Amino acid sequence: MKRREFMGALGGAGLLLATGTSLAAEYREGQHYRAIQPPLDTGLEDGRIQVVEIFWYGCPHCYEFEPKVQAWKPGLADDVQFEYLPAPMNDVWALHARVYYTAEKLGVLDEVHQAFYDAIHDQGRQLRSESAILRFINQRGLDADEFRETMRSDAIRQRIVEATEAVQDYAVSGVPTLVINGEASVSASMAGGHDEMLEVADYLIERARG
């Protein structure tokens, strides 16, 4: 490589380094994200980074955030594991969390997840009772009897207990919230918006690689 080409490449690298440093400096704990102290064990093997989205199906902000998450997830590196955590903060939220975990257990989450969001926010359906939810499930061409029995099972009750404890451990006060590797959380109010949430999450993921 000629000296001029080398210096040009070096200058470009220097610009990238400076930009990255500036970007990282813009994200401050307590301003753009919240540190979790002490950090929580993710249960993943070393080298894996966990990203958890805490949400509620009835939340309009979660509904607006979901397409952005769906567009963002495919770009995550192989060492990142994305998980949803439905927040059972009251009886209705817990009922909706049961829908999520039941659909997951029955292997029909892809058929239920977005459709449940759409039914509430696009179609104006309340879906705040078991009977309303089972009508929705039946209309999706799924086995409503199996869904009801699974929703009522001890396994799903235990998942709700675990989700409640996790939300408390994360000290979440609103949704949607992203928790990165059990170490930090970010919300739209802290980051400045939904797009900014994902930018801060990218930074926190890189920081978790350490």
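Begin by selecting arginine 98, which is partly exposed, with a relative accessible area of 22%; here buried means under 20% relative accessible area, exposed means over 50%, and partly exposed lies in between, for a 1.4 Å probe and protein chains only. The model in your viewer is predicted, so local features need pLDDT of at least 70 and side-chain atom pairs count only at pLDDT 80 or more, whereas totals for chains, interfaces and linings use all residues. Residues are numbered from 1 along each chain as its sequence is written, and side-chain values use heavy atoms, with hydrogens and water left out.

Keep arginine 98 selected and add glutamate 130, which is also partly exposed, with a relative accessible area of 21%. These two form a salt bridge, their closest N and O atoms being 3.7 Å apart; the term stands for a side-chain nitrogen of Lys or Arg within 4 Å of a carboxyl oxygen of Asp or Glu. Because glutamate 130 lies in helix α5 (residues 130–139) and arginine 98 in helix α3 (residues 91–106), the pair ties together parts that are 32 residues apart in sequence. Helices are DSSP runs of H or I with at least four residues, strands are runs of E with at least two, and both are numbered from the N terminus.

Next, move to helix α7 (residues 154–170) and select aspartate 154 and arginine 157, which are three residues apart, about one turn of the helix. Their salt bridge has its closest N and O atoms 2.8 Å apart. Aspartate 154 is exposed, with a relative accessible area of 60%, while arginine 157 is partly exposed at 48%.

Stay in helix α7 and select arginine 159 and glutamate 162, again three residues apart. This pair forms a salt bridge with 3.8 Å between the closest N and O atoms. Arginine 159 is partly exposed at 32%, and glutamate 162 is partly exposed at 38%. Now select Asp79, Glu206 and Arg209, which are joined into one network by salt bridges that share partners. The salt bridges in the model come to 10 by this rule.

For the last stop, select cysteine 59 and cysteine 62. How many disulfides are there? The count is zero, a disulfide being a pair of cysteine sulfur atoms within 2.5 Å. The sulfur of cysteine 59 has its closest cysteine sulfur in cysteine 62, at 3.3 Å, which is too far for a bond. Cysteine 59 is buried, with a relative accessible area of 6%, and cysteine 62 is buried as well, at 0%.
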